[in-house]
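Me: I'm new to reading protein structures. Could you walk me through one, feature by feature?

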Amino acid sequence: MEENKKYCKHCGELIDKECVVCPKCGKQVEELKRNSENIVINNNNSASTCATATAVVASPNGKLKDKWVAFLLCAFLGFFGAHKFYEGKIGMGILYLCTGGLFGIGWIIDIILLLLKPNPYYV
């Protein structure tokens, strides 16, 4: 068990050998490894956790939507909320349908926001 532990250079706390940041004092105890793609730092100040360099692939939440399909729907049918229905936002689609694209203001704002989104984007 002692072979998997080391002492923090700053506070002297016994920590895991793989720790890069001390979970007690929060200071960096050794250099980050350069061979991994992503670095995950866990700031949960429990003695059993430590920040190690590991590769983690984050999966985005939501449904994938095409920017240009949403833009064309917004440009031609935005007053009726077609782009909101395409994104799966049924409540907003009904609101746009009843108010004429939030009286045209919401329609113009949505055109600008859709142009600024990446393609594809997640809803």
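Reply: Sure, let's start with a loop. Keep in mind that this is a predicted model. Glu31 sits in the loop between β2 (14–16) and β3 (64–65).

Me: Is Glu31 buried or exposed?

Reply: The idea is to look at relative accessible area, where exposed means over 50%. Glu31 has 61%, so Glu31 is exposed.

Me: Which residue should I compare with Glu31 to see how the chain comes back on itself in space?

Reply: Try Val20, which is 11 residues away along the chain. The C-alpha atoms of Val20 and Glu31 are separated by 6.9 Å.

Me: Okay, zooming out. How many helices and strands does the protein have?

Reply: There are 4 helices and 4 strands. Walk along the sequence and you get the pattern β-β-β-α-α-α-α-β.

Me: And what share of the residues counts as buried?

Reply: For burial, the cut-off is under 20% relative accessible area. Of the 123 residues here, 28% count as buried. You can also ask about contacts along the sequence: among those between residues at least 6 apart, 38% join residues at least 24 apart.

Me: Where do nonpolar side chains tend to go?

Reply: In soluble globular proteins, they tend to be buried together. In this model, the largest nonpolar core has 7 residues: Ala70, Phe71, Cys74, Trp107, Ile111, Leu114 and Tyr121. Helices α1 and α4 (105–116) each supply at least two residues of this core. Apart from it there's another core, of 5 residues, including Cys8, Ile15, Cys19 and Val29.

Me: Which residues does Trp107 touch, leaving out those up to four places away in sequence?

Reply: Its partners are Cys74, Ala75, Gly78, Phe79, Tyr96 and Gly101.

Me: Now a polar residue. Is His83 buried or exposed?

Reply: His83 belongs to helix α2 (residues 82–87). Its relative accessibility is 1%, so His83 counts as buried.

Me: What does the side chain of His83 make a polar contact with?

Reply: When you meet a polar side chain, look for its partners. The side chain of His83 makes a polar contact with that of Asp110, at 2.9 Å. Skipping residues up to four places away in sequence, His83 also touches Ala70, Leu73, Cys74, Gly78, Tyr96 and Leu114.

Me: And where does Asp110 lie?

Reply: You'll find Asp110 in helix α4. With a relative accessible area of 10%, Asp110 is buried. Its side chain also makes a polar contact with the side chain of Tyr96, at 2.5 Å. So you can trace His83 to Asp110, then Asp110 to Tyr96. Cys74 and Lys84 are among the other residues that Asp110 touches.

Me: Let's finish on the outside. Which residues form a nonpolar patch on the surface?

Reply: That would be Leu72, Phe76, Leu77, Phe79, Phe80, Phe85, Ile90, Ile94 and Leu97, with about 880 Å² of accessible area together. Helices α1 (67–77) and α3 (90–103) each supply at least two of the patch residues. Take Phe76, found in helix α1: at 67% relative accessibility, Phe76 counts as exposed.

Me: How much area does the whole protein expose?

Reply: About 8400 Å², and carbon and sulfur atoms supply 62% of it.

Technical notes:
Residues are numbered from 1 along each chain as its sequence is written. This is a predicted model: local features need pLDDT of at least 70, side-chain atom pairs count only at pLDDT 80 or more; totals for chains, interfaces and linings use all residues. Side-chain values use heavy atoms; hydrogens and water are left out. Patches are made of residues with over 30% relative accessible area and no salt bridge: like charges are joined within 9 Å, nonpolar side chains (Val, Leu, Ile, Met, Phe, Trp, Tyr) within 5 Å. Accessible areas come from the Shrake-Rupley method with a 1.4 Å probe; for residues, only the protein chains shown count as cover. A salt bridge is a side-chain nitrogen of Lys or Arg within 4 Å of a carboxyl oxygen of Asp or Glu. Buried means under 20% relative accessible area, exposed over 50%, partly exposed in between (1.4 Å probe, protein chains only). A nonpolar core is a set of buried Ala, Val, Leu, Ile, Met, Phe, Trp, Tyr and Cys residues joined through side-chain atoms within 4.5 Å. Contact means heavy atoms within 4.5 Å. A polar contact is a pair of N or O atoms within 3.5 Å; within protein, one must be able to donate a hydrogen and the other to accept it, and residues adjacent in sequence count only if both atoms are side-chain atoms.
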